[in-house]
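Welcome! Here are a few exercises to help you find your way around a protein model. Take a look at it, then work through the tasks.

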Amino acid sequence: MSVSFYTLTTTTLKNRRALKLFIPTIFNKERTPLESIIIIFCTDNYLIKINQQSLQHDFYTDIITFDLSETKTSPKIAELYISVDRVKDNATSLHTPFKTELHRVIFHGCLHLCGYKDKGVKHIALMRAKEDEYLQSYFS
């Protein structure tokens, strides 16, 4: 299992080593095999271009998750693109520390890869509960 980080913008993610060790535990607990995950921190402008070109969506988002695995059952190979700009704005509007919101978004992308969805009230509630569970576990 490998977890890698790339930065196309300034980000204040600290203790990457601890996060690299923690992310596989999410996949283990969710019984989803993980081969590799690359997390790319970028700007709003970078991510909206991906959103427009790849998903035909013309709006800003905090994360886009690409599952590059060969099949649904093969170990996950993925790329997570995270807009640091959007995460900062969301943290401000939600009155949440940037560090917490950034980790929530990272865990959110991992949970998508584990099969969780965020469309509809029930799916959103379950996703938030899982994000909170992993935030609590990571920061305790």
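The exercises below deal with a predicted model, and each one comes with a worked solution.

**Exercise 1. The sheet**

Work out in which order the four strands form the sheet, and which strands stand at the edges.

*Solution.*
- Step 1: Follow the strands across the open sheet; the order is β1-β2-β4-β3, and the pairing is mixed.
- Step 2: Look for strands with a single partner strand. These are β1 and β3 (63–67), so one side of each is left without a neighbour in the sheet.
- Step 3: Add the twist, which averages 15° from one strand to the next.

**Exercise 2. One strand pair and the helices on the sheet**

Find out whether β2 and β4 run parallel or antiparallel, and how many bridges join them.

*Solution.*
- Step 1: Take β2 (residues 34–42) and β4 (residues 76–83); the two strands run parallel, and eight bridges join them.
- Step 2: Pick out one bridge: S36 has I77 in β4 as its partner.
- Step 3: Now turn to what packs on the sheet. Helix α3 touches β2 and β4, and its direction makes about 65° with that of β4.
- Step 4: Helix α4 packs on the sheet too, touching β2, β3 and β4, with its direction at about 150° to that of β4.

**Exercise 3. Two helices that cross**

Describe how α4 and α5 cross: at what angle, and with which handedness?

*Solution.*
- Step 1: Place the helices at residues 98–113 for α4 and residues 121–139 for α5; their axes come within 9 Å and cross at roughly 120°.
- Step 2: Classify the angle, which makes α4 oblique to α5.
- Step 3: For the handedness, note that α4 passes α5 in a right-handed crossing.
- Step 4: List some of the residues that meet. Among them are H103, F107 and L111 in α4, and M127, L135 and F139 in α5.
- Step 5: Sort the residues of this contact by type: seven are nonpolar, four polar and six charged.

**Exercise 4. Positive phi without glycine**

Decide where N15 and H95 are found, and whether they are buried or exposed.

*Solution.*
- Step 1: Begin with N15, which is not a glycine yet has a positive phi of about 55°.
- Step 2: Locate N15 in the loop between β1 (2–7) and α1 (16–29).
- Step 3: The relative accessible area of N15 is 52%, and the cut-off for exposed is over 50%, so N15 is exposed.
- Step 4: Move on to H95, another residue other than glycine with a positive phi, near 55°.
- Step 5: H95 is found in the loop between α3 (84–94) and α4.
- Step 6: With 75% relative accessibility, H95 counts as exposed.

Note on methods. Residues are numbered from 1 along each chain as its sequence is written. This is a predicted model: local features need pLDDT of at least 70, side-chain atom pairs count only at pLDDT 80 or more; totals for chains, interfaces and linings use all residues. Side-chain values use heavy atoms; hydrogens and water are left out. Axes are lines fitted to C-alpha atoms, for helices over the stretch in contact, and angles run from 0 to 180 degrees between N-to-C directions. Angles under 35 degrees count as roughly parallel, over 145 as roughly antiparallel, 65 to 115 as roughly perpendicular and the rest as oblique. A crossing is left-handed if the near helix is turned anticlockwise from the far one by less than a right angle, and right-handed if clockwise. Contact means heavy atoms within 4.5 Å. Ala, Val, Leu, Ile, Met, Phe, Trp, Tyr, Cys and Pro count as nonpolar, Asp, Glu, Lys and Arg as charged, and the others, Gly among them, as polar. Buried means under 20% relative accessible area, exposed over 50%, partly exposed in between (1.4 Å probe, protein chains only). Two strands pair if DSSP finds at least two bridges between them.
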